[in-house]
Amino acid sequence: MFQAALLHRLFRDRLPANAAAKLDELIDAGIEGMRRHAVKPDYTNIYLTKTVNLILCGEALNRSDVAGEGYAQLDSWLAFTRENGVTEFDSPTYYGIDIEALSAIARYAARPEGRDKARMALRYFWADLAANWWAPGDRIGGANARSYDYLWGRGYLEGQTWPAGWLRAKPELEGAGWLSPAPRANLVTMLDAAEWGPAPSEADAIRREIPRTVVQKWGSEPERLAVQYVARSFSLGSAGAGRGGDDRMLVGNLGDSPAFAQMILFMDGRGDPYGRNKQAERQGAMKALHLVPFLATVQRGPEILQLLAAGPDTRMRSGDGPDRLLTHLTIPSQAEVWVNDARVQAGTPKSPTRIPDGALISVRWKDAAIGLRVLLASAATAEGGRAPIELVRENPNDPAMRLTIVHAAGAPIGQGVAAVWLRGAEGLDARGFAAWRRAFANSGAIVERRDGVVRLDVAGLHGRMRIAADTVRGKRERAEGGEPVPRLLSVNGREVGLPILAAAGVSIPR
């Protein structure tokens, strides 16, 4: 219907009379289908697509009632977002569709107030993207909802970031929905018609803030918070909860080009550490779906404390249970890996490099490093005990290796729990790197696990960071020491989200 609406708006006067009549009939039937399609505002990309379709299709047929429903949906989404943020936050796939839908309203809607509101919503999306942009990798840097590309974080959004001048090389779009398997010339015409870039001065001012700490809400619950620390040579980002198997809830970046794979921490129930084994959903979309574990997170600046737990009853989106239970951290192949004070090489799947209990694992590239301490790694086997940790590179030419906690090599018997503490730094020469390792390795950490409740208490750079959670019942009891919660979206403690929505004419509660 989006294509039909744009076709009518842009080219109907060029169509033969019989083709124009058929297009009108098609849109009339589509309106009825759209009206029967119940969508909630938190399903961001589909809600905004329905919104633009109602507006443009209603106006195409002079159906003011239909267009009015679309404008009302736009108001509802703005009011919802004012309170909750964008729930499909920073999706490298669906932000492209969000911007596309709002762009079409901003360009082609008949009502001036509707166009103005869409333009302000676009400002909000581009401020969000600018804040979370990892410029060395030409991509969104932090945790995100709904990614089809686990290792690289690429997606349909590149159809907007390329014309904005944010990419060094023209992308090959993944082909979301109607574009699959690749864009065709006539549909690219439609994409170009719905392009809308950032306000350069506003976006560039945000991207120039280095380092910057970005905090954003993506739901009403306190755990639905995303944080990213963006430095010159690394970034670290996390979220406090996940909703689906295509979410990425802890993401790190190193390197100076898009050739560096991202560092993704996640739980895997089917042996797919790099997201290569994609599966078809009911609609036919190919996705690398992983487990949705219980999750609790605290992040303050360049430090993350995260707790993950899953077991035999944890399901992937496909409905299948795990046939193994692993926690992976992907590592770009260009990086050095150090265990305590020695550099190590990754092993093979048959002969992995074993990581000692309690070791500090440091991932280094040039003057930047991201360190990891595994505070808790429990086996989900009949024997129980501590799960082994391995460093593996499947093939010599692979773009990434993996650090893997093996909770269960086969189907898990009980719950596997992982607790990790990450810290990043840059500007480290050899002596500085050694001192930084010593400081992190000697930072105090208290770990308790009793009756299903895990308590973590660590001495962070800016004070204590604490998590307490009942992983069996899936209840978060405490998450302290993280970044202050913004009203919507903040950069280095400065609220940037609310002023934009206020300019859209959306009332802000006091």
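Student: How much space lies in the largest cavity?
Tutor: This is a predicted model, where local features need pLDDT of at least 70, side-chain atom pairs count only at pLDDT 80 or more, and totals for chains, interfaces and linings use all residues. Residues are numbered from 1 along each chain as its sequence is written, and side-chain values use heavy atoms, without hydrogens and water. A cavity is a set of points on a 1 Å grid over the protein atoms alone where a 1.4 Å probe fits but cannot get out. Filling the largest cavity with probe spheres set on joined grid points gives about 150 Å³.

Student: Which residues that line the largest cavity are the closest to its centre?
Tutor: A lining residue has an atom within 4 Å of a cavity point. The lining of the largest cavity has 18 residues, and the closest to the centre are D247, M249, F266, L291 and P293.

Student: Which strand gives the most to the lining of the largest cavity?
Tutor: Strands are DSSP runs of E, at least two residues, and helices are runs of H or I, at least four, numbered from the N terminus. At least two lining residues come from each of β7 (263–268) and β11 (303–310). With 4 residues, the most is given by β7.

Student: How many residues of the lining of the largest cavity are nonpolar?
Tutor: Ala, Val, Leu, Ile, Met, Phe, Trp, Tyr, Cys and Pro count as nonpolar, Asp, Glu, Lys and Arg as charged, and the others, Gly among them, as polar. In this lining 3 residues are polar and 2 charged, while the number of nonpolar residues is 13.

Student: Which elements give two or more residues to the lining of the second largest cavity?
Tutor: The second largest cavity holds about 80 Å³. Its lining includes R139, I140, E158 and T161, and divides into 4 nonpolar, 3 polar and 4 charged residues. The elements are β2 (139–140) and α7 (158–161).

Student: How many cavities of 30 Å³ or more does the structure hold?
Tutor: The largest has about 150 Å³, and the second largest about 80 Å³. With the cut-off at 30 Å³, the number of cavities is 4.

Student: How many residues apart are F89 and W218?
Tutor: Rings of Phe, Tyr and Trp (its six-membered ring) pair if their centres lie within 6.5 Å; planes under 30 degrees apart are stacked, over 60 edge-to-face and the rest tilted. The whole structure has 13 aromatic pairs. F89 and W218 form a stacked one, 4.8 Å centre to centre with 25 degrees between the planes. F89 is in the loop between α4 (64–84) and α5 (94–108), W218 is in the loop between β3 (212–217) and β4 (225–230), and their separation in residues is 129.

Terms used:
On a 1 Å grid over the protein atoms alone, a cavity is a set of points where a 1.4 Å probe fits but cannot get out, and a pocket is an open set with protein on both sides within 12 Å along at least five of seven lines; lining residues have an atom within 4 Å of a point.
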